[in-house]
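Q: Could you take me through one part of this model slowly? I would like to see how its pieces sit against each other.

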Amino acid sequence: MEEASQNTETVKKVFIQTYGCQMNEYDTEKMFEVLKHQNYFQTDSREDADLIILNTCSIREKAENKVYSELGRLRKLKSVKPELKIGVGGCVAQQEGKAILRREASVDFVFGTDNLFELPEMLKKVSRGQEIIQTKRHARQKVRNFIPEYAFQQTQHHGIKAHLAITKGCNNHCSFCVVPFTRGIEVSREPENILAEAQRLTSAGTREICLLGQNVNSYKANGVDFVELLHRLDELENLQRLRFISPHPKDFHEELADAFVTLPSLCEQMHLPLQSGSDRILRRMRRWYTMETFYEKVAMLRDRLPEATLSTDLIVGFPGETEEEFEMTMEAVRTIRFDLIYSFKYSTRPGTRAAEYPEHLAEDVKSKRLQILLETQGKIVQEKNEALVGSIQEVLVQGKHYRKNSITGRTRGNHSVHINDSCAIAGDLLSVRITGALHNSLEAEIISKSTVLS
Ligand code: SF4
């Protein structure tokens, strides 16, 4: 439980349930910061809370359904604790707005992805018995400090790893994606504001920062582009590792590939979302690259850094995807040999272009394709992990492993590593030898503790 920063007799407890992506996790952190200024303690118990917020995700139907199931459970809690306040924020809130209040009477307020810093005013109105729907978008500016400074001035220790949002929203309108509707147009944050937050994090003990944005590598603000921003962050004292997610292949160019070689903190790991191996499906997805250009981008990275790990996103069963087109995706997977894939069955999202496309595939066809993909990828990961046995890796320790006398950490390539040794603590940087390959992780022994950072 975190302590509230101010101390008056009206201290309350807040529980926030987060769904979805890292951007939502980041927004939740900021909500806690805002609420701390309102004398709210963080609690891990719904039953104990005076305020419950669901920070929702609408990227897939399943995630959206979870929100309504949770609201059903909270209705029962509120029936025995009528003073409990319930708020719904995030992407479902942005899209559904009033419909949530109509559907679920126990909800007191609904707020959109642009409105989390308005929580204090909303809560005041809620305490006066007003029903609130705050989903108004802020001005359509391309550059804006969407995280006010007070929200990262706390001395709170964020841990060894932290996320840091540099853009929000997206202008790409891929035909399957709701993000442009739920998060709005792309806004880049001023570099000074980003650097101030990064400085704040590293001073508080963070050693690895992962930059966040829906299309992170299209960042541009006040004449600073994404590569320049990476250069500036790399200069921060005590920042050991820098990563970013999620880039778009169309904005991955030579200068960015070079940065992987020239910037010591930039980890040898890249997420490059492919989505499909078929050019026709890519066009229907509005992805604006072909397989030929995608292979060129992969080569651009691997020519410079053959050992870099590469992950991707894949959607199977997109409307109209034929067996041959699915096989093209499989061919890409076998050829590129990604280290990690995030794969999903296509899920219809109301309001998107793809929702209107004909030829939606049956669920069992999508499930079968996903299973084939996962089986193939599972073998590739096992082989790639086994090839790492005997190699020397740098591991940033994250903390204790659930196994007794063990610790866990990550390589620069972002492999999860377990070490049967408890002589290091979170923040230590180790040189290790990989001794074993498991399905989703590696085992290692310590060679030396090259730097103690904590
Ligand atoms: S680039 Fe990413 S966030 Fe933007 S519309 Fe496409 S899938 Fe959605």
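The request below picks one part, and the answer walks through it.

Q: Please look closely at the packing of helix 12 and helix 14: at what angle do they pack, and which residues make the contact?

A: Happy to! Keep in mind that this is a predicted model. Let's start with some background: two packed helices are described by the angle between their axes and the distance between the axes. Here the partners are helix 12, which covers residues 323–336, and helix 14, which covers residues 363–387. Their axes are 10 Å apart, and the angle of packing is about 15°. Angles under 35 degrees count as roughly parallel, so helix 12 and helix 14 are roughly parallel to each other. As for the handedness, the crossing in which helix 12 passes helix 14 is right-handed.

Now let's find the residues that make the contact. On the side of helix 12, look for F326, M330, V333 and R334. On the side of helix 14, the contact is made by R369, L373, T376 and Q377. You can also sort these residues by class: four are nonpolar, two are polar and two are charged. The nonpolar ones are F326, M330 and V333 from helix 12, together with L373 from helix 14. T376 and Q377 of helix 14 count as polar. The charged pair is made up of R334 in helix 12 and R369 in helix 14.

To retrace this on the structure, begin with helix 12, follow its right-handed crossing with helix 14, and then pick out the contact residues, such as F326 in helix 12 and L373 in helix 14.

Terms used:
Residues numbered from 1 in each chain as written. Predicted model: local features only at pLDDT ≥ 70, side-chain atom pairs only at ≥ 80, totals over all residues. Axes fitted to C-alpha atoms, helices over the stretch in contact; angles between N-to-C directions. Helix = DSSP H or I, 4+ residues; strand = E, 2+ residues; numbered from the N terminus. Parallel < 35°, antiparallel > 145°, perpendicular 65-115°, else oblique. Left-handed = near helix turned anticlockwise from the far one by under 90°. Contact = placed C-beta atoms within 7 Å.
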